[in-house]
Amino acid sequence: MTKMAILGRGSMRDRQKEEELRLSGDPKFCHLQLELHVEVTALAPPAEAHARIALALAEVRRFLVPDFNDDIRQEQMWELHVLKSSRDHLKHLASGPAGPGPACLPASHASLLPDVAAAGGRKRPYIAMSPTKRTVLSILARARAPRRRRT
(Lines give C-alpha, C1' and ligand atoms only; values in the text may rest on other atoms or scores of the structure.)
Protein backbone atom coordinates (compact mmCIF):
# COMPACT_ATOMS: atom_id res chain seq x y z
CA MET A 1 0.00 0.00 0.00
CA THR A 2 1.31 3.45 -0.99
CA LYS A 3 -0.17 6.67 0.35
CA MET A 4 0.44 10.28 -0.61
CA ALA A 5 -0.77 13.16 1.54
CA ILE A 6 -0.47 16.92 1.15
CA LEU A 7 0.29 18.34 4.57
CA GLY A 8 1.39 21.61 6.14
CA ARG A 9 0.25 25.21 6.14
CA GLY A 10 -2.18 25.80 3.26
CA SER A 11 -3.12 22.14 2.81
CA MET A 12 -6.74 22.59 3.91
CA ARG A 13 -9.46 24.26 1.85
CA ASP A 14 -11.05 26.07 4.79
CA ARG A 15 -8.46 28.60 6.01
CA GLN A 16 -10.36 29.49 9.18
CA LYS A 17 -10.69 25.86 10.23
CA GLU A 18 -7.01 25.27 9.44
CA GLU A 19 -6.00 28.20 11.65
CA GLU A 20 -8.30 26.97 14.42
CA LEU A 21 -6.82 23.43 14.27
CA ARG A 22 -3.27 24.80 14.10
CA LEU A 23 -3.80 26.80 17.28
CA SER A 24 -5.56 23.90 19.07
CA GLY A 25 -2.25 22.15 19.81
CA ASP A 26 -3.69 18.71 18.87
CA PRO A 27 -0.80 16.38 17.89
CA LYS A 28 -2.88 15.11 14.98
CA PHE A 29 -2.69 18.57 13.39
CA CYS A 30 0.91 19.50 14.27
CA HIS A 31 1.78 19.23 10.55
CA LEU A 32 -0.07 22.54 10.08
CA GLN A 33 2.85 24.27 11.85
CA LEU A 34 5.19 23.21 8.99
CA GLU A 35 5.51 24.51 5.44
CA LEU A 36 3.40 22.91 2.71
CA HIS A 37 4.80 19.47 1.80
CA VAL A 38 3.90 16.05 0.41
CA GLU A 39 4.29 12.91 2.50
CA VAL A 40 4.71 9.60 0.66
CA THR A 41 4.51 6.37 2.66
CA ALA A 42 4.74 2.79 1.42
CA LEU A 43 4.09 -0.41 3.38
CA ALA A 44 5.84 -3.24 1.53
CA PRO A 45 9.10 -5.20 1.51
CA PRO A 46 12.08 -2.82 1.04
CA ALA A 47 12.64 -3.37 -2.71
CA GLU A 48 8.96 -2.99 -3.54
CA ALA A 49 8.60 0.02 -1.21
CA HIS A 50 11.48 1.80 -2.98
CA ALA A 51 9.89 1.10 -6.37
CA ARG A 52 6.48 2.37 -5.19
CA ILE A 53 7.98 5.54 -3.71
CA ALA A 54 9.91 6.14 -6.95
CA LEU A 55 6.66 5.89 -8.91
CA ALA A 56 4.91 8.22 -6.48
CA LEU A 57 7.74 10.77 -6.73
CA ALA A 58 7.53 10.62 -10.53
CA GLU A 59 3.82 11.48 -10.26
CA VAL A 60 4.49 14.34 -7.82
CA ARG A 61 7.27 15.69 -10.05
CA ARG A 62 4.77 16.11 -12.92
CA PHE A 63 3.02 18.77 -10.83
CA LEU A 64 6.15 20.45 -9.44
CA VAL A 65 8.19 20.86 -12.64
CA PRO A 66 6.58 23.04 -15.33
CA ASP A 67 6.05 21.41 -18.73
CA PHE A 68 7.08 23.85 -21.46
CA ASN A 69 5.54 21.69 -24.17
CA ASP A 70 1.96 21.60 -22.90
CA ASP A 71 -0.76 22.48 -25.39
CA ILE A 72 -2.03 25.61 -23.64
CA ARG A 73 1.43 27.19 -23.42
CA GLN A 74 2.23 26.34 -27.04
CA GLU A 75 -1.03 27.93 -28.17
CA GLN A 76 -0.31 31.08 -26.14
CA MET A 77 3.21 31.35 -27.54
CA TRP A 78 1.89 30.93 -31.08
CA GLU A 79 -0.65 33.72 -30.49
CA LEU A 80 2.16 35.96 -29.22
CA HIS A 81 4.19 35.12 -32.32
CA VAL A 82 1.27 36.02 -34.61
CA LEU A 83 0.67 39.29 -32.74
CA LYS A 84 4.35 40.17 -32.90
CA SER A 85 4.58 39.46 -36.64
CA SER A 86 1.47 41.60 -37.32
CA ARG A 87 3.00 44.44 -35.27
CA ASP A 88 6.24 44.12 -37.25
CA HIS A 89 4.18 44.35 -40.43
CA LEU A 90 2.46 47.54 -39.19
CA LYS A 91 5.84 48.97 -38.20
CA HIS A 92 7.14 48.19 -41.69
CA LEU A 93 4.14 50.02 -43.17
CA ALA A 94 4.77 52.99 -40.87
CA SER A 95 8.36 53.37 -42.07
CA GLY A 96 7.28 53.38 -45.74
CA PRO A 97 7.57 56.30 -48.22
CA ALA A 98 6.37 58.89 -45.71
CA GLY A 99 9.41 58.17 -43.55
CA PRO A 100 9.76 56.44 -40.20
CA GLY A 101 7.20 56.96 -37.51
CA PRO A 102 3.52 56.42 -36.93
CA ALA A 103 2.53 59.64 -38.77
CA CYS A 104 1.56 57.75 -41.93
CA LEU A 105 -0.56 55.23 -40.00
CA PRO A 106 -4.20 55.80 -39.14
CA ALA A 107 -4.72 56.76 -35.49
CA SER A 108 -6.46 53.44 -34.82
CA HIS A 109 -3.32 51.52 -35.85
CA ALA A 110 -0.74 53.67 -34.05
CA SER A 111 -1.41 51.92 -30.72
CA LEU A 112 -0.50 48.58 -32.29
CA LEU A 113 3.15 49.51 -32.79
CA PRO A 114 5.45 47.55 -30.47
CA ASP A 115 7.09 49.31 -27.58
CA VAL A 116 10.70 48.19 -27.93
CA ALA A 117 11.72 49.52 -24.50
CA ALA A 118 8.90 47.58 -22.82
CA ALA A 119 9.90 44.42 -24.66
CA GLY A 120 13.43 44.71 -23.32
CA GLY A 121 14.86 45.27 -26.79
CA ARG A 122 14.04 41.73 -27.89
CA LYS A 123 12.99 41.22 -31.47
CA ARG A 124 10.96 38.05 -30.92
CA PRO A 125 9.49 36.44 -27.80
CA TYR A 126 11.30 33.38 -26.47
CA ILE A 127 9.43 30.26 -27.56
CA ALA A 128 10.43 26.97 -25.98
CA MET A 129 9.44 24.25 -28.43
CA SER A 130 10.79 21.15 -30.09
CA PRO A 131 13.40 21.58 -32.85
CA THR A 132 11.02 20.02 -35.38
CA LYS A 133 8.25 22.48 -34.60
CA ARG A 134 10.74 25.38 -34.70
CA THR A 135 11.91 24.23 -38.16
CA VAL A 136 8.33 24.04 -39.44
CA LEU A 137 7.55 27.52 -38.11
CA SER A 138 10.70 28.99 -39.66
CA ILE A 139 9.82 27.45 -43.04
CA LEU A 140 6.34 28.97 -42.76
CA ALA A 141 7.82 32.35 -41.84
CA ARG A 142 10.18 32.25 -44.84
CA ALA A 143 7.28 31.32 -47.11
CA ARG A 144 5.23 34.27 -45.82
CA ALA A 145 8.07 36.80 -46.12
CA PRO A 146 7.77 37.38 -49.92
CA ARG A 147 4.03 38.06 -49.55
CA ARG A 148 4.73 40.76 -46.96
CA ARG A 149 7.25 42.52 -49.20
CA ARG A 150 4.76 42.72 -52.08
CA THR A 151 2.09 44.45 -49.95
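Begin by selecting Glu18 and Arg15, which are joined by a salt bridge whose closest N and O atoms are 3.7 Å apart. As you look at this pair, keep in mind that the model on your screen is a predicted one. Both residues belong to helix H1, which runs over residues 15-24, and because they are three residues apart there, about one helical turn separates Glu18 from Arg15. Colouring by accessibility brings out a contrast within the pair: Glu18 is buried, with a relative accessible area of 6%, whereas Arg15, at 53% relative accessibility, counts as exposed.

Stay on helix H1 and select Arg22 together with Glu19, a second pair joined by a salt bridge, here with the closest N and O atoms 2.5 Å apart. Arg22 and Glu19 are again three residues apart in helix H1, and so about one helical turn lies between them. An α-helix has 3.6 residues a turn, so residues three or four places apart point the same way. Arg22 is partly exposed at a relative accessible area of 22%, and Glu19 is partly exposed as well, with a value of 35%.

Now move to helix H2 and select residues 46-64. Its 19 residues, at 1.5 Å a residue, should span 27 Å, and the C-alpha atoms at its two ends are 26 Å apart, which agrees with that expectation. Within H2, highlight Ala49, Ala56 and Val60, which are its buried residues. They cover an arc of only 45 degrees around the axis, and therefore they sit on the same side of H2. To see part of what covers these buried residues, show strand E1 and also strand E2, which is made of residues 37-42.

Turn the view to the face of H2 that points away from its buried side, where you will find the exposed residues Ala47, His50, Leu55, Arg61 and Arg62. Select Arg62 from that group and add Glu59, since the side chains of these two residues meet in a salt bridge with an N to O distance of 2.8 Å. Both lie in helix H2, three residues apart, which is about one turn of the helix. Arg62 counts as exposed at 55% relative accessibility, while Glu59 is partly exposed, with a relative accessible area of 39%. The three pairs visited on this tour are among the five salt bridges that a search of the whole structure finds.

For the next stop, select Met4, which lies in strand E1, residues 2-7. Which residues is Met4 in contact with, once its neighbours within four places in sequence are left aside? They are Glu39, Val40, Ala56 and Val60. Two of these names will be familiar from helix H2, where Ala56 and Val60 are among the buried residues. Draw a line between the C-alpha atoms of Met4 and Ala56, and the viewer should show a separation of 7.7 Å in space, although the two residues are 52 residues apart in sequence.

Finish with the surface around Met4, a residue that counts as partly exposed at 45% relative accessibility. Select Met4 together with Ile6, Leu36 and Val38, and display their surface, for these four residues make a nonpolar surface patch of about 390 Å². Met4 thus appears twice on this last part of the tour, as a residue in contact with Ala56 and Val60 of H2 and as a member of the nonpolar patch.

Notes. Residues numbered from 1 in each chain as written. Predicted model: local features only at pLDDT ≥ 70, side-chain atom pairs only at ≥ 80, totals over all residues. Heavy atoms only, no water. Helix = DSSP H or I, 4+ residues; strand = E, 2+ residues; numbered from the N terminus. Buried < 20%, exposed > 50% of the residue type's maximum accessible area, 1.4 Å probe, protein only. Contact = heavy atoms within 4.5 Å. Expected span 1.5 Å × (residues − 1). Arc of directions from axis to C-beta. Patch = residues over 30% accessible without salt bridge, like charges linked within 9 Å, V, L, I, M, F, W, Y side chains within 5 Å. Areas by Shrake-Rupley, 256 points an atom, 1.4 Å probe, with all protein chains shown as cover.
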